[in-house]
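Student: Could you take me through one part of this model slowly? I would like to see how a single helix sits among its neighbours and what its rings are doing.

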Amino acid sequence: RAFARIDAILKAAGSSWDDVVDITTFHTDVKAQMPAIVEVKNRFVKAPFPAWTAIQVVRLIPDNGVTEIKVVAKLSKPRP
């Protein structure tokens, strides 16, 4: 769901996954979570791939959070 929501936000901003230049993900268990997030990411993000940093954290807010995703994208065209 998170990648689908990000997809919608990118589209609403006049951008797309092709315009993403950086992805940072924060994980409460990076080794266990990485296979699933890579599988989903690959449905949305195609080569050439943006920079991606995955960071292990002790906890997220809310306390039951397991992964947080931050995406930086450029606008492919000026907004009216």
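Tutor: Happy to! One term comes before anything else: a residue counts as buried when its relative accessible area is under 20%, as exposed when that area is over 50%, and as partly exposed in between. Please also keep in mind that this is a predicted model.

Let's begin with helix α1, which spans residues 2-12 and has Phe3, Ile6, Asp7 and Leu10 as its buried residues. Around the helix axis these residues cover an arc of only 105°, so they sit on the same side of α1. You may wonder how that fits with their spacing along the chain. An α-helix has 3.6 residues a turn, so residues three or four places apart point the same way. Now turn the helix around: the face away from the buried side carries Arg5, Ile9 and Ala12, which are exposed.

What do the buried residues of α1 pack against? Their partners are β1 (20-27), α2 (30-44) and β3 (67-73). Just after α1 you will also meet glycine 14, whose phi is positive, at about 80°.

Next, the rings. The structure holds 3 aromatic pairs. In one of them, phenylalanine 3 and tryptophan 17 have ring centres 5.6 Å apart and planes at 25°, so this pair is stacked. It links distant parts of the chain, since phenylalanine 3 belongs to helix α1 while tryptophan 17 lies in the loop between α1 and β1, 14 residues apart. Both of these residues are buried.

Tryptophan 17 also pairs with phenylalanine 44, and this pair is tilted, with 5.9 Å from centre to centre and 50° between the planes. Here the loop between α1 and β1 is linked to helix α2, the two residues being 27 residues apart. Now use the definition we started with. Tryptophan 17 has a relative accessible area of 8%, so it is buried. Phenylalanine 44 has 26% relative accessibility and therefore counts as partly exposed. Together, ring pairs link Phe3, Trp17 and Phe44 into a cluster.

Finally, follow β1, one of the elements that α1 packs against. β1 runs parallel to strand β2 (residues 51-56), and 6 bridges join the two. Within this pairing, isoleucine 23 stands opposite tryptophan 52 in β2. To get from β1 to β2 the chain passes through α2, and this β-α-β crossover is right-handed. Notice that α2 has now turned up again: α2 is packed against by the buried residues of α1, and phenylalanine 44 of the tilted pair is in helix α2.

Key:
Residues are numbered from 1 along each chain as its sequence is written. This is a predicted model: local features need pLDDT of at least 70, side-chain atom pairs count only at pLDDT 80 or more; totals for chains, interfaces and linings use all residues. Side-chain values use heavy atoms; hydrogens and water are left out. Buried means under 20% relative accessible area, exposed over 50%, partly exposed in between (1.4 Å probe, protein chains only). Helices (H or I, at least four residues) and strands (E, at least two) are DSSP runs, numbered from the N terminus. The arc is that of the directions from the helix axis to the C-beta atoms. Contact means heavy atoms within 4.5 Å. Rings of Phe, Tyr and Trp (its six-membered ring) pair if their centres lie within 6.5 Å; planes under 30 degrees apart count as stacked, over 60 as edge-to-face and the rest as tilted. Two strands pair if DSSP finds at least two bridges between them. A crossover is right-handed if, with the strands pointing away from the viewer, the path from the first strand over the helix to the second runs clockwise.
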